[in-house]
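Morning, everyone. I have one model to walk through, and I'll keep it short. Please have the sequence and the structure open.

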Amino acid sequence: MSDYGPVQVRCPVLNVRRVDAYYAITVVAPGIAERFRSGQFVSVAVGGDHSSTLLRRPFAIHDVKPDYGGTVEFLFAVRGTGTAWLAERRSRDLLDVVGPLGRPFPLPRDPVNCVLVGGGSGSAPLFPLAQSLRRRGCRVDFVLGGASADRVFSAITARRIAETAVFTTDDGSFGTRGRVTDVLGRVIEECRSDVVYACGPMPMLRAVTAVAGTHGIPVQVSVEETMACGTGICMTCVIPVVGEDGITRMVRSCVDGPVFRGEQVRFDDVGTIPFDALGAPGWKGAGASRPAESARDIA
Amino acid sequence: MNTDLRVRLGALELPNPVVTAAGCAGSGRELAQFFDIAEIGAVTTKSVMLEPHAGRPAPRMAETPSGMLSTTGMQGPGVDVFLQRDLPWLLSRGGRAIVSVAGSGTAEFGELARRISAEPGVDAIEVNLSCPDPADPDGRRFADDAARAAAVVSTVRSHARSDLPVLAKLAADVPDVVALATACVEARADGLSMINTVRGMAVDPRTLRPAVAGGIGGLSGPAVRPLAVGCVYRVHEALPEVPIIGMGGVRTGADVVEFMAAGASAVAVGTVNFSDPSACVRVLREFTEALESRGVPRAADLVGAAHRPGTGV
Ligand SMILES: Cc1cc2nc3c(=O)[nH]c(=O)nc-3n(C[C@H](O)[C@H](O)[C@H](O)COP(=O)(O)OP(=O)(O)OC[C@H]3O[C@@H](n4cnc5c(N)ncnc54)[C@H](O)[C@@H]3O)c2cc1C
Ligand SMILES: Cc1cc2nc3c(=O)[nH]c(=O)nc-3n(C[C@H](O)[C@H](O)[C@H](O)COP(=O)(O)O)c2cc1C
Ligand code: FES
C-alpha cells in the first residue's frame with residue numbers, strides 16, 4: 001500500500017549456507033531490498049501455512065544485493081523450532097517474509113569516526129551499516145565478540161571493510177579473552193571514535209552504553225525483545241525509553257526501534273514498568289497537559 | 001456469481017462479515033500498510049481507557065501450540081489521544097470503527113460511552129468485560145459475575161447515543177456463558193462479541209519460571225477456536241435473535257464459515273493478524289470463494305446453519 005512501509009512477500013530461497021556457527025539464507029525479495037536501510041529487520045513465517053508454530057521469527061537484514069532484481073540475506077543461529085525449520089530450507093523453497101521492519105540506524109551527516117560493536121548474531125546488521133557509513137566517508141572500526149571463535153560472525157569481512165577490527169571471545173579461543181566492553185574503551189581512544197553503534201544482547205548493550213557514556217560519545221543500540229507481530233499492533237515488545245521531554249514511555253521495540261539512543265533506554269528497568277513511566281500505576285501526569293504519545297516524538 | 005457479502009448486527013450493517021478483533025489491529029494504521037482498511041467489514045479498535053496505561057511488565061508474550069499467551073495489560077494512550085489521533089485517522093481512510101472500551105470501574109465505562117458517542121462516525125461500541133473489576137474484593141473480571149457485567153452494559157447503554165449499537169464482549173472461561181450472555185442482553189446489549197482470550201499459563205522449560213510476567217496470560221489463536229465456536233453455538237441456540245461477532249483463532253475463510261454456521265453474524269480476526277498482516281483480506285477472499293463454491297448467494301444465509309436440520313445451506 002505504501003512506497004516506504006513494509007511489504008509481505010513469498011520469496012524464493014536462493015541459497016542456505018553455513019557461516020561459522022550460523023546459517024545464512026538469501027531470498028529473492030526485490031520489494032524488501034529496494035526499501036531496506038541498515039538496521040531494519042525482516043520477520044519470517046516458519047513451519048508452513050498450517051503449522052502450529054504461529055508466530056514469525058524476526059531477523060536482522062545482513063545484506064541486500066541487486067541480483068535477481070534484489071536479494072535479502074539474513075543470518076541466524078539454530079535456537080528452537082523455528083530456526084531449526086529454517087535451517088532445513090533449500091533453494092527454490094518459498095518463504096513468507098515481511099519487511100523491511102523497524103527504524104534504521106541514523107547515519108551521521110558528516111564523515112565521523114564510528115565504532116561498531118556486535119555480540120554473537122547481533123553483528124549481522126552492522127555489516128550493511130558499515131557499508132553505508134563508508135559511503136558517507138566515515139571511518140569504521142569493528143569490535144566483535146562471541147562466546148567462542150565460531151560465534152564471532154564474519155571476522156574476515158570485518159577486517160576487510162573496517163579500518164581496524166578487534167575480536168573478543170568468552171573462552172579466549174579467538175582474539176582477546178573477555179567481553180567487547182573490555183576492549184571498547186581502548187578502541188574508542190585509539191580510533192578517536194565519535195559515535196558507537198551496537199547490536200547484541202541487552203546486558204551487552206547496557207555495558208556498551210556505559211562505556212560510551214564515560215567517553216562522552218553518543219551510542220545507538222539495536223535491541224532484541226521477543227516480538228509477536230513486528231508491525232506495531234500487539235504491544236508485546238515494549239521497553240522503557242526516556243523521550244526528549246524527559247518522560248519515560250513503554251515503547252514498541254519493533255516499530256519505535258529496534259534502534260534507540262542508548263542513553264534513552266532504561267536498561268536497569270527493562271522487564272518492569274518504571275513507577276514514573278507514562279501511564280504507570282499512580283502516574284502523576286494524569287489530567288496535566290498530555291505529552292505527545294507518538295513514536296516519532298521520541299528518540 | 002455475485003455474492004452478497006453484507007451482514008447485519010442489529011441496526012449496524014457491514015459490507016462484509018470480516019472485522020478485526022480488539023487489541024489485534026491497533027486502530028488500523030499499521031495494517032493499512034498491507035491492505036486498504038476500508039475493504040474489511042470494520043476495525044475493532046484496541047480497548048481504550050480513560051487515562052493512559054503503561055500495561056504490564058515484559059515478557060508479555062509466549063508462543064504456545066497453535067496460539068500464544070499474552071499479557072499486555074491494556075497499554076494505551078487514553079481516550080483523549082485516541083479521539084484526537086487514532087479515530088480520525090481510521091475514519092479518514094474510510095474505515096468503519098467499532099470502538100472497544102475498558103473501564104476500571106462501571107462509572108468509567110459510562111464516561112467512555114459518553115465521550116465516544118459525541119464523536120460522529122463511530123459505528124458501534126464494544127464493551128470489554130474481561131478487565132478486572134476494581135470493586136470486586138477478589139479482583140475478578142466483570143464477566144465473572146453476570147450481574148456486574150450487566151450493570152456495566154446497562155451503564156454504557158444509558159450513556160451511549162441511543163442509535164449507537166452496544167456490543168458486550170464476553171469471556172469464555174466462565175461457569176455459564178449463556179447466563180452471562182442473557183444478563184447482558186437483558187441489560188440492553190444490542191449484540192455480543194465472543195470470545196476474549198482464555199486464561200492460561202506456560203512455564204519456561206529453561207528457567208522453570210512462568211513464561212510471561214505475572215504467570216497467567218491470555219491464550220489466543222487457533223488453539224482456542226473449538227472453545228469459541230462452542231460458545232457461539234450455545235449462545236445462538238439460547239438467544240437466536242441476538243447478533244454475535246464470533247472470534248477466537250480465525251485463520252482462514254473456512255473458519256469464518258464455521259463461526260457463521262454456529263451462529264455468528266460477523267467474525268473477527270485476532271492473533272492471526274500478528275503472523276499474517278494481510279490476514280483480513282486473505283480471509284475475506286477465501287470466505288467469498290467458499291460461498292461461491294457452495295453456491296450460497298448471500299453470506300447472511302449462513303448464519304446459524306449448524307442449528308438447522310439437513311446438510312449445508
Ligand atoms: C529485531 C530482532 C532481530 C534479530 N536478528 C537476529 C539475527 O540476525 N540472527 C539471529 O540469529 N537471531 C536474531 N534475532 C533473534 C531471533 O529472532 C531468535 O533467535 C528466533 O526468533 C528464535 O526462534 P526459534 O523458533 O528458533 O526459538 P524458540 O525458542 O522456539 O522461539 C519461541 C519464541 O520466542 C521468540 N524468541 C526466541 N529467542 C528470541 C530472541 N533471542 N529474541 C527475540 N525473540 C526470541 C521466537 O521469536 C518465538 O516467538 C533477532 C531478534 C529480534 C527481535
Ligand atoms: C495481544 C492481544 C491484545 C488484546 N487486546 C484486547 C483488548 O484490548 N480488548 C479486548 O476486548 N480484547 C483484546 N484481545 C482479545 C482479542 O480481541 C480476541 O478476543 C481473542 O484474542 C480471541 O481471538 P483470536 O484467537 O483470533 O486472537 C487481545 C488479544 C491479544 C492476543
Ligand atoms: S511485536 Fe507487536 S508491537 Fe512490537
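One definition to begin with: a disulfide is a pair of cysteine sulfur atoms within 2.5 Å. Hold on to that cut-off.

Now the ground rules. This is a predicted model, where local features need pLDDT of at least 70, side-chain atom pairs count only at pLDDT 80 or more, and totals for chains, interfaces and linings use all residues. Residues are numbered from 1 along each chain as its sequence is written, chains are lettered from A and ligands numbered from 1 in the order in which they are written, and side-chain values use heavy atoms, with hydrogens and water left out.

Confidence next. pLDDT is the predictor's confidence in each residue, from 0 to 100. Chain B averages 96, and 99% of its residues score at least 70. For the model, ipTM is 0.93 and pTM is 0.94.

Back to the cysteines. How many disulfides does a search of the whole structure find? The count is 0 over all chains. Why does Cys184(B) have no bond to its closest cysteine sulfur? Because that sulfur, in Cys131(B), is 12 Å away, too far for a bond. Cys184(B) is also buried, at 0% relative accessible area. Buried means under 20%, exposed over 50%, partly exposed in between, with a 1.4 Å probe and protein chains only. Cys231(B) is buried too, at 1%. Its closest cysteine sulfur is in Cys184(B), 13 Å off, so too far for a bond.

Over to chain A. An unreviewed UniProt entry annotates residues 6-107 as "domain: FAD-binding FR-type". Such annotations may be inferred rather than shown by experiment; positions use the numbering here, and feature names are shortened. The span is 13% helix and 46% strand, and its end C-alpha atoms lie 20 Å apart. Helices (H or I, at least four residues) and strands (E, at least two) are DSSP runs, numbered from the N terminus.

Finally, ligand 1. It has 19 residues around it, Arg57(A) and Arg79(A) being among the closest; near means a heavy atom within 4 Å. Which element gives the largest share of the shell? S4(A), with 4 residues. Strand S4 (57-65), strand S5 (71-76) and helix H2 (81-87) of chain A each supply at least two.

Three atom pairs to look at. A polar side-chain atom of Arg57(A) sits 2.6 Å from a ligand 1 oxygen. A polar backbone atom of Ala77(A) is 3.0 Å from a ligand oxygen. A side-chain N or O atom of Glu224(A) is 3.4 Å from a ligand nitrogen. Alone, ligand 1 exposes 830 Å², and the protein buries 85% of that.

Methods. Polar contact = N/O pair within 3.5 Å; in protein donor to acceptor, adjacent residues only side chain to side chain. Areas by Shrake-Rupley, 256 points an atom, 1.4 Å probe, with all protein chains shown as cover.
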